[in-house]
Amino acid sequence: MEENEHIQAILLNPEDQDKYLYINHYFKENVFSIYDQEFFGEFDEWKNLNKVPREIESFSLELHRIVQDESISNVSIFLIDYVDEQEEENNIVTVNSTSTNINEGLFQASIFENEGNIFIMNII
């Protein structure tokens, strides 16, 4: 994922993951952070499942490529608007998806689909 020209991401070191103290128990083995701080805003504009914003479509295609790699398993996507220090104040929305319906899973992160501040999608 670090090499993809459309999705600018970096592998987080364990020390960097500490800032997510209240949700890092959800993390798997490797955690990537996307550089584009405006990416989450694309979900606010996504009102129709069949009209996927270009940036989300690129992200979806990259996810599909990743989960097709036989050496990779247990992929989870975290979209974090903010994290409240009081864990019980966080509204975590978790969905499961397959590699064939990634867009449907991601669409649930749309502001029109949920009211969570943290969205987790497990691709199984």
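A residue is described as buried when its relative accessible area is under 20%. In this predicted model, Val-95 has a relative accessible area of 8% and is therefore buried, the value being under 20%. Val-95 belongs to strand β4, which comprises residues 92-97. Beyond its neighbours within four places in sequence, Val-95 is in contact with Gly-105, Gln-108, Phe-119, Ile-120, Met-121 and Asn-122. For Asn-122, the separation from Val-95 is 27 residues in sequence, whereas the C-alpha atoms of the two residues lie 6.3 Å apart in space.

Asn-122 also takes part in a polar contact: its side chain is joined to that of Ser-76 at 2.5 Å. Ser-76 is located in strand β3, formed by residues 75-80. With a relative accessible area of 17%, Ser-76 is likewise buried, because this value is under 20%. Asn-122 thus appears both among the contacts of Val-95 in β4 and as the polar partner of Ser-76 in β3.

Burial was also examined in helix α3. This helix consists of 15 residues, numbered 54-68, and spans 21 Å from its first C-alpha to its last, close to the 21 Å expected at 1.5 Å a residue. Its buried residues are Ile-56, Phe-59, Ser-60, Glu-62, Leu-63, Ile-66 and Val-67. Viewed down the axis of α3, these buried residues fall within an arc of 165 degrees, so they line one face of the helix. In general, an α-helix has 3.6 residues a turn, so residues three or four places apart point the same way. Arg-54 and Leu-61, on the other side of α3, are exposed.

Notes:
Residues numbered from 1 in each chain as written. Predicted model: local features only at pLDDT ≥ 70, side-chain atom pairs only at ≥ 80, totals over all residues. Heavy atoms only, no water. Helix = DSSP H or I, 4+ residues; strand = E, 2+ residues; numbered from the N terminus. Expected span 1.5 Å × (residues − 1). Buried < 20%, exposed > 50% of the residue type's maximum accessible area, 1.4 Å probe, protein only. Arc of directions from axis to C-beta. Contact = heavy atoms within 4.5 Å. Polar contact = N/O pair within 3.5 Å; in protein donor to acceptor, adjacent residues only side chain to side chain.
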